[in-house]
Number of protein chains: 2
Amino acid sequence: MKTTRIAMLGLGTVGKSVVEILAHQNTVVIDKILVRNPHRHTIDLPLTTNVWEIIEDPDIDIVVEVMGGVDPAYEYVTSALHSGKSVVTANKEVVARYGQELMELARQNRQGFLFEASVGGGIPILDALNWHLRTTVIHAIEGVINGTTNFILHEMEQGMEFSHALKRAQALGFAEQDPSADVGGWDSARKLSILSGLAFNSWIHAEEEQVSGITHVKSSHLHRLRDMGFGLRLVARAEAQASSLGFVVAPTVYPLGHRYLQLSGSQNAVGIFSQAGTIWFEGPGAGGIATATSIVSDIQRIRFSLPDREPLRFDNVPVADIDDAYLIFREEARQPMPEVPDSLQKGPGYLLSSYPLPPDKGLVQYRFRAK
Amino acid sequence: MKTTRIAMLGLGTVGKSVVEILAHQNTVVIDKILVRNPHRHTIDLPLTTNVWEIIEDPDIDIVVEVMGGVDPAYEYVTSALHSGKSVVTANKEVVARYGQELMELARQNRQGFLFEASVGGGIPILDALNWHLRTTVIHAIEGVINGTTNFILHEMEQGMEFSHALKRAQALGFAEQDPSADVGGWDSARKLSILSGLAFNSWIHAEEEQVSGITHVKSSHLHRLRDMGFGLRLVARAEAQASSLGFVVAPTVYPLGHRYLQLSGSQNAVGIFSQAGTIWFEGPGAGGIATATSIVSDIQRIRFSLPDREPLRFDNVPVADIDDAYLIFREEARQPMPEVPDSLQKGPGYLLSSYPLPPDKGLVQYRFRAK
């Protein structure tokens, strides 16, 4: 098998881990790396500040994009595909917004376009959607897919107020200087767009009314919930309805002991509810080596010319509005609806609904929204 | 893409579910099905009692073996590979015993030999080992991979003695008339052989001293454990050591709330501990549609000519004996070893060891063995 030549766009934490893993491979070689300032790196590989040296190099087979952000990453990825190169990316902003278009562009150019690392870091969740469940009807997909909000909510449960917990997360490197994508729910929404795009072949551009973050959650609310035997996490869920798709990111309440409340650090959890039963994946949602493992796995798949997922599901359904998005849980319930306890209704000052989780008989989930 | 023609060996629960799923596909066609008694089936597909009609039919691309047992399944699978057909099987006995040989035979004949359904039913765990973690160093793999013992232990926790719980499991179809493979730990050991074969490229033929079942567990033990805040499940674990492989199937004690104690019905859980962090998979370990989903996924992979895993790990290491197998947990511990509580040591009458789980800081696992 011939040597595969790759180029990287970006050399941050994830990029360095990709270099580290590929150093042990003799079938994949890194030819060039695009960086902003070559003098800041001590790496023994050819660096360039000119992306066209990569795009126009006919020897490069795969471009690995780990620079992040939409501009200029989207333009570079598009140019690489147009030039007949395959692309592997960890860029959730680009995939959530342009994933469908880029998959089509890759098909037209007979190239691979893979993005396992864009959701759930090192968890092979997109692969399960693309391959294992390729011919299986999926009912719903949900998960805790943002580590920053997990960290902040955990700190708030220990008594910190939101603003202090956020500052601590920033000081420790768990949150960015502009934290709005994480705490506002946008990061989760982008990842959910990618998951539901693959699961339902329906690419959602999440709009504001479908996404609630955790900025309105108060430490006192979490304490009162805990006293009543509940905890709260930011959960993203997409669910097939008769003729549309429910799409919601919201703070959600679970009984203590629920798997979401056990997640520590940057661990993520994603559940796929399908004709074949419920499969849960838990693993590192971030981190250099974990994310790089997904990228290297995608490179291997392209080396062996894996095709894209066939569009087997319903096409381009309209997105339910926010009220529907909450109501799907009522409509889906196959058991009598339990009453929401008065204490919760009047308690933390949030609007609540509840539904019994069909796959876990007897367990009731309380869905929760900032007023 | 050309139509793929398959033949099936066997038409039980899993076989019928494969037929059901493929009925919706027009790119994969079932040409023939080997059955013992054609008059017992009402299915509208060509049945045969002569396996050579399948092996010698040059139009058949893939043979799907869902008959179970070693004899004659092993001979049929070997003949199919020799005849230049790919094979997909759910047969854990055949794969555990002959997997390495059959993978080599498939390679020689340039055919696919895939067996996702043989471990963890509908969970894409072998795919994660074959693809996602293809170039990642795996430290250990462990799990609860036998549903029958889960059911029996759950009933025993409610007060039933082992023999009654077993009879109930048989009456409900959760256990076979000869239950020794399940309750003796052999079913788990075979599945662990397959997992460690792929994870470490080292195919273990589990011998008696490495496998403990649950036949010695008493309901009163489980009650005393529960009073002390623990539960027990049959756990299989393989772990890389410096120059060998630890391989153990044993009843193991966990703090209440641990994921293994939450598994209901035929749900399995498998954890992979690797350089890229810890990934947990939970899903249906049995059931027609779930298992058939894995089979159909393997058929799709062969259609698209996926290659086998490259042997990247250490080769044919000697297997540690039973004492080593227990001791690996002590050697691996990166934190000071906690004391085993006196109450447990003297309690249920089992030999215990303990170690702190490195990936889940602060949680101590108690390993447990029938005297």
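Trainee: Which residue of chain A comes closest to the rotation axis?
Mentor: Phe281(A), with its C-alpha at 2.4 Å. This is a predicted model: local features need pLDDT of at least 70, side-chain atom pairs count only at pLDDT 80 or more, and totals for chains, interfaces and linings use all residues. Residues are numbered from 1 along each chain as its sequence is written, while chains are lettered from A and ligands numbered from 1 in the order in which they are written.

Trainee: What makes the relation that of a two-fold axis?
Mentor: Copies are superposed by least squares on the C-alpha atoms of residues with pLDDT of at least 70 in both. A turn of 180 degrees with a shift of 0.0 Å along the axis lays chain A on chain B, at an RMSD of 0.0 Å. That is the relation of a two-fold axis.

Trainee: How do you know that the same surface serves both copies?
Mentor: Of the contact residues of chain A, 100% recur in chain B. Contact requires C-beta atoms, placed from the backbone, within 7 Å. By that test, 34 residues of chain A touch 34 residues of chain B. β11(A) gives the largest share of chain A's side, eight residues. By class, that side has 16 nonpolar, 14 polar and four charged residues. Nonpolar means Ala, Val, Leu, Ile, Met, Phe, Trp, Tyr, Cys and Pro; charged means Asp, Glu, Lys and Arg; the others, Gly among them, are polar.

Trainee: How many bridges join β11(A) to β11 of chain B?
Mentor: Three, and the strands run antiparallel. Two strands pair if DSSP finds at least two bridges between them, so three bridges make a pair. Trp280(A) has Glu282(B) as its bridge partner. Strands are DSSP runs (E, at least two residues) and helices are H or I runs of at least four, numbered from the N terminus.

Trainee: Why are β3 and β6 of chain A called edge strands?
Mentor: Each pairs on one side only. The open sheet has six strands, ordered β3-β2-β1-β4-β5-β6, with parallel pairing. Within it, six bridges join β1(A) to β2(A). Arg5(A) stands opposite Val29(A) there, and Leu9(A) opposite Leu34(A).

Trainee: What makes β2(A) largely enclosed by the rest of the structure?
Mentor: Five of its seven residues are buried, so β2(A) qualifies. Buried means 20 or more other C-beta atoms within 10 Å of the residue's own; exposed means 12 or fewer; partly exposed lies in between, with C-beta atoms placed from the backbone.

Trainee: Why is Arg110(B) counted as exposed or buried?
Mentor: Arg110(B) has 10 C-beta neighbours inside 10 Å, so it is exposed. Asn201(B) has 17, so it is partly exposed. Phi of Arg110(B) is near 55 degrees, a positive value in a residue other than glycine. Asn201(B) also has a positive phi, of about 55 degrees. Most residues other than glycine have a negative phi, and most peptide bonds are trans.

Trainee: Which peptide bond joins Asp71(A) and Pro72(A), cis or trans?
Mentor: Cis, with omega about 10 degrees. Pro72(A) sits in the loop between β4 and α3 of chain A. In chain B, Asp71(B) and Pro72(B) are joined by a cis bond, omega about 10 degrees.

Trainee: How do you know that the buried residues of α1(B) line one face of the helix?
Mentor: The buried residues are Val14(B), Gly15(B), Ser17(B), Val18(B), Ile21(B) and Leu22(B). Down the axis they fall within an arc of 160 degrees, so they line one face. The arc is that of the directions from the helix axis to the C-beta atoms. Those residues pack against β1, β2, β4 and α12 of chain B.

Methods:
Contact = placed C-beta atoms within 7 Å.
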